[in-house]
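Reader: I would like a close look at a single part of this model, the place where the two chains meet, together with the charged pairs there and elsewhere. Please take it slowly and keep the reasoning visible.

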Amino acid sequence: MSRATLYFYHFCRLTLGAVYLYAGVVKSADVVVFARDVANYQLLPYAWNYLTAATLPYVETVAALLLLCNRKVRPAALVLTSLTLVFMVALTTVLARGLDIDCGCFNPGQGHTSAGVALLRDAFLLIPAFVTLHLSGRMAKP
Amino acid sequence: MIPGIRTMMIEAAVIFAIGVVLGLSFNAQLVLDAFAGRLSSAGARPSGGEVVQSTVDVQAFPLPVVLEEVRELLAGGALAVDARAAEVYAEGHLPKAFAFPLGEYDQVLPEFLEKVSKESTLILYCSGFGCPDSFDLGERLLAEGYLDVRVYEGGFPEWRDAGLPVEEGAP
């Protein structure tokens, strides 16, 4: 792996980790409000919105911390890539149903980020996610 | 399956599980209450954010209710509370709903306190999913001491689209 590729890999790893660490920490700070944001998607029975809100930020935080600490990078990147894809599917259904809701991606209850903008942002986030996932596999090889 | 991929997937599952366990350990009471349909706890959270310990079972935040429950509760004497602006209320609202625009909280609160007892079951609604006003109003009314505050997240659009009775006119 060239030096430039190595730098690019670490840049992607740290970017992905930082974004998801921020998302996880701010959402875990107010789980009830985040549960309301999840409920706005109208995809889950209401109690499951609370279960999702109570656990999802912690999954994001754990995986993000591993990426930032350069530990278990590949599985952590897989978790965050999978979550990003799940969010994109959920946001696509929001657009398809014409719902005007806040995505609840970062600060719950603060501001309003439309599903279209959030979908675009997640699409960009897939780039460092896939790069980290792919290159961490190459780095693991002898 | 390729051994490396299998290991990666197992490790990813473990990371996911650790996150879930951590989340549940920090929010066990919330999740249990949600699944029990009893979103309450011994610690109430007033609007100022200060935690108040209580010996009684104080509702910590508004309990979400769905359309069928709203119909049953209203039939049983619950009071619908409309958190939308007065002019939107006038265009159509749930039968006998109390107009309580969140933006006019300070002006409307004295009348509300006078007319509605703290033991009443309140069903707050606004413009449906994505509208936070009913939830925010619910939190404030809980802080005022109302004991049974629920939020109908489907709000007026779902009620109207279900073909249920709608009243028109200013409060």
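Author: What follows starts at the contact between the chains, moves into chain A, and ends with chain B. The model is a predicted one, and side-chain atom pairs are counted in it only at pLDDT 80 or more.

The contact draws 27 residues from chain A and 31 residues from chain B. Between them, chain A and chain B bury about 2700 Å², and 75% of that area lies on carbon and sulfur atoms. On the side of chain A, the residues that lose the most area to chain B are Arg36(A), Tyr46(A) and Tyr50(A), which together account for 24% of what that side buries.

As for polar pairing, two residue pairs are in polar contact between chain A and chain B, both at pLDDT 80 or more. The elements of chain A that give two or more residues to the side touching chain B are α2 (31-39), α3 (46-68) and α4 (73-97). Of the residues on that side, α3(A) supplies the largest share, 12 residues. Sorted by character, the residues of chain A that touch chain B divide into 20 nonpolar, three polar and four charged.

Which charged side chains pair across the interface of chain A and chain B? The rule finds one salt bridge there, and it is formed by the side chains of Glu11(B) and Lys72(A), with a distance of 2.8 Å from N to O. Side chains of opposite charge can pair when their charged atoms come close. The distance of 2.8 Å between Glu11(B) and Lys72(A) falls within the 4 Å allowed between nitrogen and carboxyl oxygen, and the pair therefore counts as a salt bridge.

The helix α4(A), one of the elements that touch chain B, also allows a check on its geometry. At 1.5 Å a residue, its 25 residues should span 36 Å, and because the C-alpha atoms at its ends are 36 Å apart, expectation and model agree. After α4(A) comes Gly98(A), whose phi is positive, near 70 degrees.

A salt bridge inside chain A deserves a look of its own. Glu60(A) is found in helix α3 of chain A, the helix that gives the largest share of the side touching chain B. The side chains of Glu60(A) and Lys27(A) meet in a salt bridge at 3.1 Å, N to O. This pair links distant parts of the chain, since Glu60(A) belongs to helix α3 of chain A and Lys27(A) to helix α1 (residues 3-28) of chain A, with their places 33 residues apart in sequence. Are the two partners buried or exposed? Glu60(A) has a relative accessible area of 0% and Lys27(A) one of 3%, and because buried means under 20%, both count as buried.

The surroundings of Glu60(A) can be listed as well. Leaving aside its neighbours within four places in sequence, Glu60(A) is in contact with Tyr20(A), Ala23(A), Gly24(A), Lys27(A), Leu80(A), Leu83(A) and Phe87(A). The side chains of Glu60(A) and Lys27(A) also make a polar contact at 3.1 Å.

Elsewhere in chain A, Gly137(A) has its place in helix α5 (residues 115-140). Its relative accessible area is 8%, so Gly137(A) is buried. Gly137(A) and Pro75(A) are 62 residues apart in sequence, while their C-alpha atoms are 9.9 Å apart in space.

For the structure as a whole, a search over all chains finds seven salt bridges. Two of the charged pairs within chain B can be set beside the one in chain A. The side chains of Arg84(B) and Asp82(B) meet in a salt bridge at 2.7 Å, N to O; Arg84(B) counts as buried at 7% relative accessibility, and Asp82(B) counts as buried at 0%. The side chains of Arg150(B) and Asp148(B) likewise meet in a salt bridge, at 2.9 Å from N to O, and both Arg150(B) and Asp148(B) are buried.

These pairs sit in a chain with seven helices and seven strands, which follow one another along the sequence of chain B in the pattern α-α-β-β-β-α-β-α-β-α-β-α-β-α. Of the 171 residues in chain B, 42% are buried. Among contacts in chain B between residues at least 6 apart in sequence, 62% join residues at least 24 apart.

Conventions. Residues are numbered from 1 along each chain as its sequence is written. Chains are lettered from A and ligands numbered from 1 in the order in which they are written. Side-chain values use heavy atoms; hydrogens and water are left out. Contact means heavy atoms within 4.5 Å. Buried area is the accessible area (1.4 Å probe) that two parts lose on being put together, summed over both. A polar contact is a pair of N or O atoms within 3.5 Å; within protein, one must be able to donate a hydrogen and the other to accept it, and residues adjacent in sequence count only if both atoms are side-chain atoms. Helices (H or I, at least four residues) and strands (E, at least two) are DSSP runs, numbered from the N terminus. Ala, Val, Leu, Ile, Met, Phe, Trp, Tyr, Cys and Pro count as nonpolar, Asp, Glu, Lys and Arg as charged, and the others, Gly among them, as polar. The expected span of a helix is 1.5 Å times one less than its number of residues. Buried means under 20% relative accessible area, exposed over 50%, partly exposed in between (1.4 Å probe, protein chains only).
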